[in-house]
Amino acid sequence: MSSEILFEVCEDEVDGGYTASAMGVGIHTQAESIEEIRENVREAVSCYYDDADAPKIIRLHFVRDEVLAP
């Protein structure tokens, strides 16, 4: 078990809000704000792992997608 888990966080530019998915682990969550996505990620991790197996560090990697016209 790794002592760290990484989430990719994406903003939904059409509908608003955020989605977060753990890399290499089946944990996913969503929220309306950055503060709420942080809370939801912590809660999802605590629900997924037993206390002894839980990662010590949760990293959030915010991904921003930009489309440029030629």
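Glu4 sits at 34% relative accessibility in this predicted model, so it falls in the partly exposed class. Its side chain meets that of Arg59 in a salt bridge, with 2.8 Å from N to O. The contact ties together distant parts of the chain: Glu4 belongs to strand β1 (residues 4-11), Arg59 belongs to strand β4 (residues 57-63), and the two positions lie 55 residues apart in sequence numbering. Arg59 has a relative accessible area of 44%, so this end of the pair is partly exposed too. As for the chemistry, side chains of opposite charge can pair when their charged atoms come close. The structure holds one salt bridge, so a search for further examples comes up empty, given that count of one.

The two strands that carry this pair also run together in the sheet. β1 and β4 pair in the parallel sense, over seven bridges. Within that pairing, Glu8 has His61 of β4 as its bridge partner. Zooming out, the sheet is open and has four strands, in the order β3-β2-β1-β4, and the pairing is mixed. β3 and β4 are the edge strands, each pairing on one side only. On average, and ignoring direction, neighbouring strands are turned by 25 degrees against each other. Helix α1 (residues 34-48) packs on this sheet and touches β1, β2 (18-22), β3 and β4. The direction of α1 makes about 155 degrees with that of β3.

Over at the β3 edge, His28 is part of the strand spanning residues 28-31. His28 counts as exposed because its relative accessibility is 56%, and the cut-off for that class is over 50%. Setting aside neighbours within four places in sequence, His28 is in contact with Ala20 and Ser21. With Ser21 there is a polar contact as well: the two side chains are joined at 2.9 Å. His28 and Tyr48 are 20 residues apart in sequence, and their C-alpha atoms are 10 Å apart in space.

Tyr48 brings in the aromatic side of things. The whole structure yields one aromatic pair, made up of Tyr48 and Tyr49. The arrangement is edge-to-face, with 5.0 Å centre to centre and 75 degrees between the planes. The two rings' residues land in separate accessibility classes: Tyr48 is partly exposed, because its relative accessible area is 46%, whereas Tyr49, at 14%, is buried.

Methods: Residues are numbered from 1 along each chain as its sequence is written. This is a predicted model: local features need pLDDT of at least 70, side-chain atom pairs count only at pLDDT 80 or more; totals for chains, interfaces and linings use all residues. Side-chain values use heavy atoms; hydrogens and water are left out. Buried means under 20% relative accessible area, exposed over 50%, partly exposed in between (1.4 Å probe, protein chains only). Contact means heavy atoms within 4.5 Å. A polar contact is a pair of N or O atoms within 3.5 Å; within protein, one must be able to donate a hydrogen and the other to accept it, and residues adjacent in sequence count only if both atoms are side-chain atoms. A salt bridge is a side-chain nitrogen of Lys or Arg within 4 Å of a carboxyl oxygen of Asp or Glu. Rings of Phe, Tyr and Trp (its six-membered ring) pair if their centres lie within 6.5 Å; planes under 30 degrees apart count as stacked, over 60 as edge-to-face and the rest as tilted. Two strands pair if DSSP finds at least two bridges between them. Axes are lines fitted to C-alpha atoms, for helices over the stretch in contact, and angles run from 0 to 180 degrees between N-to-C directions.
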